[in-house]
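Please open the model in your viewer and keep the sequence panel beside it. The tour below goes from one selection to the next and says what is found at each stop.

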Amino acid sequence: IFIANLGAGFSWYNEDAHLTGTFLVPGWDAKMLFLHHWLIEGKFYSIFSLLFGWGMALQISRAADNNNAIDTIRRRLLFMLLLGFCHLLIWTGDIVFFYAMLGFLLLPMRKFSNKTLLIISAILILSPILLYGLKMLFPVLNFPSNMLMQTGQYLELKLFPAFEKAQSEADYLKIIKAFSWWDILKDNFAGIFYRYSYLILISRISKVFGMFLIGFVIGRTNFYKKIADHRKMILTIIFAGLAIGLPANYMLAHYMSTASSDYFQFKQKGMYQTIVYALGVAPLALAYVGIFMIAFQTQLGKRYMTALAPVGKMAFSNYIIQSLAGNFVFLGAGLGLMGTIGPVWYTVFGIAFFIIQIIYSTVWLKYFNFGPLEWLWRSATYKNWQTMKK
């Protein structure tokens, strides 16, 4: 997710903009970006969505005999919404606020059967094909996305009149590089409208909620506690996911690399991109999950993968820290490397930074029960300051 965010939200790399910089590697950057589109794009937020639904199922199962516990979950989502909004002001690519909103929709669906939830999930994951086709035929359906986009543009021009004179992306980049931290905060407020315009445009609601429901069923059925019993099913999911997902996502990478503008202009190749995304992303994400499940059953896999547990226990704190690090490294108020680092080097940076997060998360949890934001979130949820130090 961090590598995907570095490309989409922090580095401002654009292979068509003829950027120059020490950390740009012509040719290899394009190849690395293709690999990102093929193997990363969409797959890891899908896994994150599945884990969110999974976690909600565990919370609800513990609350099954206690009505007050459901209120606690709602309060947890409410504070998640608040923290997500604060993160939006740090970086508009935030997903926490979005997840919290959809989490409220997930609660009423806990009464549905597993079969019903999986059918709804499949419909939601495939629905962007129909939605895209309808938007091609009836442009009026783009009104919510366009309205949010226009609101963001209006606010940005009110806050920063200099944007009106920007004639190109290079001009826009030059203005942003001169921003102070206060300017960045103001621009991010306007950017919230751009963000949700984009999420609606690409049908992210149905994609995420569909994965929520799969995760919810996994968590509710205790599937993960009986991996040895379900080994054959998991292997089937892995092989089917790779067989469908790898070629479909290869085509997704092809369209994103050669005709990305067609998608946003609702052209024919944009429909092709939508089809391969809908058919390929979820199966490949599920294949990745299956591989992790099987790998964790081996002695070697468990030994190495257990090292990732502290990062997971501090996932929210680490997510915010990644945003702060991305801002500092790339924005003009920090090191100002925006537009000077390509996919090869920001991939190296992302991996290196995550290794650092593994180390400090492990050290932190030797002395404390929670990550800083997890402690704050949990304390707010239960209306009681939690014990921080071990």
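Is lysine 383 buried or exposed? Select lysine 383 and show the surface around it: at 65% relative accessibility it counts as exposed, and along the chain lysine 383 lies in the segment after helix H18, which covers residues 372-382. Please keep in mind from the start that this is a predicted model. While lysine 383 is still selected, look at its backbone, where phi is near 55°, a positive value in a residue other than glycine. Most residues other than glycine have a negative phi.

**The whole chain**

Now clear the selection and colour the protein by secondary structure, which shows 18 helices and 0 strands. The radius of gyration is 21 Å, close to the 21 Å that the globule rule gives for 390 residues, so the protein is as compact as a globular protein of that length. If you turn the C-alpha trace along its principal axes, you will find that it spans about 60 × 50 × 45 Å. Of the 390 residues, 45% count as buried, and among contacts with a separation of 6 or more, 78% are made by residues 24 or more positions apart.

Switch next to the surface display, where the accessible surface comes to about 20,200 Å², with 69% of it belonging to carbon and sulfur atoms. Colouring by charge then brings out 33 positive and 16 negative side chains, and the centres of these two sets lie 14 Å apart.

**Two salt bridges**

The count of salt bridges in this model comes to 2, and you can visit each of them in turn. Begin with arginine 74 and aspartate 71, which form a salt bridge whose closest N and O atoms are 3.2 Å apart. Both residues are in helix H4 (residues 67-90), and, being 3 residues apart, they are separated by about one helical turn. Arginine 74 counts as partly exposed at 36% relative accessibility, and aspartate 71 is partly exposed as well, with a relative accessible area of 39%.

For the other salt bridge, select aspartate 183 and lysine 186, whose side chains meet at 3.7 Å, N to O. This pair belongs to helix H9 (residues 181-201), where the two residues are 3 apart, or about one turn of the helix. Aspartate 183 counts as buried at 18% relative accessibility, whereas lysine 186, at 22%, counts as partly exposed.

**A buried charge in helix H9**

Stay in helix H9 and add aspartate 187, which lies there too. What is the nearest side chain of opposite charge to aspartate 187? It is lysine 186, 9.4 Å away, and aspartate 187 is buried yet has no salt bridge. If you leave aside its neighbours within four places in sequence, you will see aspartate 187 in contact with Glu156, Phe160, Phe163 and Phe179.

**A mostly covered helix**

Select residues 96-106, which make up helix H5, and note that this helix is mostly covered, with 8 of its 11 residues buried. Among those buried residues of H5 are Phe97, Phe98, Tyr99 and Leu102.

**Two loops**

Move on to isoleucine 227, in the loop between helix H10 (204-220) and helix H11 (231-258). Isoleucine 227 is buried, with a relative accessible area of 10%, and, not counting residues up to four places away in sequence, it touches Ile234, Met293 and Gln297.

The next loop, between helix H12 (260-264) and helix H13 (268-296), holds phenylalanine 266. Phenylalanine 266 counts as buried at 18% relative accessibility, and its phi is near 55°, a positive value in a residue other than glycine.

**Last stop: helix H17**

Finally, select phenylalanine 353 in helix H17 (residues 343-367), where this residue is buried, with a relative accessible area of 15%. Which residues does phenylalanine 353 contact, leaving aside its neighbours within four places in sequence? They are Phe2, Ile321, Gln322 and Ala325. To end, draw a distance between the C-alpha atoms of phenylalanine 353 and lysine 366, which are 13 residues apart in sequence and 20 Å apart in space.

Key. Residues are numbered from 1 along each chain as its sequence is written. This is a predicted model: local features need pLDDT of at least 70, side-chain atom pairs count only at pLDDT 80 or more; totals for chains, interfaces and linings use all residues. Side-chain values use heavy atoms; hydrogens and water are left out. Helices (H or I, at least four residues) and strands (E, at least two) are DSSP runs, numbered from the N terminus. The radius of gyration is taken over C-alpha atoms; the globule rule is 2.2 Å times the number of residues to the power 0.38. Buried means under 20% relative accessible area, exposed over 50%, partly exposed in between (1.4 Å probe, protein chains only). Contact means heavy atoms within 4.5 Å. Accessible areas come from the Shrake-Rupley method with a 1.4 Å probe; for residues, only the protein chains shown count as cover. Lys and Arg count as positive and Asp and Glu as negative; His and the chain ends are not counted. The place of a charge is taken as NZ of Lys, CZ of Arg, CG of Asp or CD of Glu. A salt bridge is a side-chain nitrogen of Lys or Arg within 4 Å of a carboxyl oxygen of Asp or Glu.
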